[in-house]
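This report sets out selected features of one protein model for a reader who has the sequence and coordinates at hand. Please consult both while reading the sections below.

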Amino acid sequence: MQKVDAIIVGGGPCGLSAAIELQNIGLKPIVIEKGNIVNALYHYPTHQTFFSTSEKLAIGDVPFIVEQRKPSRNQALVYYREVVKLKNIHVNRFEKVISVEKRQDGLFTVTSDKAQYETPYVILATGYYDHPNYMNVPGEDLPKVFHYFKEAHPFFDTDVLVVGGKNSAVDATLELHKAGARVTVAYRGSDFSPSIKPWILPEFQSLIRNGEVVMHFKTTVKEIREHEVVLNINGKEEVIKNDFVFAMTGYHPDHSFIRKMGVTIDEETGRPTYHPETMESNIENLFIAGVLAAGNNANEIFIENGKFHGAFIAKAIQEKMRKSKGLSKK
């Protein structure tokens, strides 16, 4: 069993930021990531532009300099790769954590699909992007249904339904329309979401006004069939022709994974129990970092505020180490 100063589960921006903060207090943490670094960002749409400005996405006092105000997905991937090299962060890539167990001696045993580790501190920074919110309707398991959007080209000259009305749905709609798809949008809300990026909303509204995109408010999906979709539009059932469905219905954290570690979860919000000043969970020396702390409300914590969790955690661990040394001297 490999002994490690601290283990960070998840190699996204917030996990990498936590690793840097722990290095700054003299620890040598290991980041364990089931894909490669910033795996969730890699799975973002190819041409996506961030909502945040580059300086708000920067971590570890490493400047994130780009020509335009809002960086693209590809620029962010380049930046975080360079941060890992510059800060010499130890990342175990393509390794999946299976379990985290607190032992009687106070240490943790972390078991992955490749190794086993012993550590006094564990930071969970697993995010939520791997677990989409399902609509739970007949036909959702058909191959034509996607919960992630990558690129629009394969859907040229096809009938596509986009489900949702927030940024991911709007981004997908604009890309699909640009690539020549015939797009219908179904949104359960009664108006455009206030969270839509202000610089893309006018274009989206223009397409709807001009009839280039069909928009249905107060609409839910009742059933997905091989060549059509059944919608409930403001209480009335309507069948539309359809080749593909993009269910951009959001994502949620893996509650079962956290619960197995003993972390308690608020049933209503999905928020794990943690102290806001230290990010320590109800399990001593087990910390929460990044969007995982927001529970089901993914719009509450982003890279730009979740990246500070690492500093809270490092300060808390440093204080624990100081007290431990004081007790050992006595």
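In which loop is Met279 found? Met279 belongs to the loop that connects α7 (255-259) with β17 (286-288). The model under discussion is a predicted one.

## Residues with positive phi

Met279 is not a glycine, yet its phi is positive, at about 65°. Its relative accessible area is 2%, and because the limit for a buried residue is under 20%, Met279 counts as buried.

Phe94 is likewise a residue other than glycine with a positive phi, in this case near 55°. Phe94 is placed in the loop between β4 (91-92) and β5 (97-102). As background to both cases, most residues other than glycine have a negative phi.

## The parallel sheet and helix α5

Five strands make up an open sheet with parallel pairing, and their order is β9-β16-β10-β11-β12. The edges are occupied by β9 (145-146) and β12 (213-216); each has a single partner strand, so one side of each has no neighbour in the sheet. Strand β11 (residues 182-186) is joined to β12 by four bridges in the parallel sense. Within this pairing, Val185 has Met215 of β12 as its bridge partner.

Helix α5 lies across four strands, namely β10 (159-163), β11, β12 and β16 (244-247). Relative to β10, the helix runs at about 165°.

## The second largest pocket

The second largest pocket has a volume of about 310 Å³. Its lining consists of 18 residues, and those nearest the centre of the pocket are His47, Asp171, Leu174, Glu175 and Lys178. Which helix gives the most to this lining? Helix α5 (residues 167-178) does, with four residues.

By residue class, the lining of the second largest pocket comprises seven nonpolar, four polar and seven charged residues.

## The mixed sheet and its hairpin

A further open sheet contains four strands in the order β1-β7-β6-β5, and its pairing is mixed. Here β1 (2-3) and β5 are the edge strands, each pairing on one side only.

β5 and strand β6 (residues 108-112) are antiparallel and pair over five bridges; Val97 stands opposite Ser112 of β6. These two strands form a hairpin with five residues between them, and Gly106, located in the turn, has a positive phi of about 90°. β6 also pairs with strand β7 (residues 116-119) in the antiparallel sense, over four bridges. In that pairing, the bridge partner of Phe108 is Thr119 in β7.

## Two further loop positions

Is Thr53 buried or exposed? With a relative accessible area of 4%, Thr53 is buried. Thr53 sits in the loop between α2 (39-42) and α3 (54-57). When residues up to four places away in sequence are not counted, Thr53 touches Arg69, Lys70 and Pro71.

Asn136 is located in the loop between β8 (122-124) and β9. Its relative accessibility is 68%, and because the exposed class begins over 50%, Asn136 counts as exposed. Asn136 and Lys222 are separated by 86 residues in sequence, while their C-alpha atoms are 9.3 Å apart in space.

How values were computed
Residues are numbered from 1 along each chain as its sequence is written. This is a predicted model: local features need pLDDT of at least 70, side-chain atom pairs count only at pLDDT 80 or more; totals for chains, interfaces and linings use all residues. Side-chain values use heavy atoms; hydrogens and water are left out. On a 1 Å grid over the protein atoms alone, a cavity is a set of points where a 1.4 Å probe fits but cannot get out, and a pocket is an open set with protein on both sides within 12 Å along at least five of seven lines; lining residues have an atom within 4 Å of a point. Grid points are joined across faces, edges and corners, and a volume is the space filled by probe spheres set on the points. Ala, Val, Leu, Ile, Met, Phe, Trp, Tyr, Cys and Pro count as nonpolar, Asp, Glu, Lys and Arg as charged, and the others, Gly among them, as polar. Two strands pair if DSSP finds at least two bridges between them. Contact means heavy atoms within 4.5 Å. Axes are lines fitted to C-alpha atoms, for helices over the stretch in contact, and angles run from 0 to 180 degrees between N-to-C directions. Buried means under 20% relative accessible area, exposed over 50%, partly exposed in between (1.4 Å probe, protein chains only).
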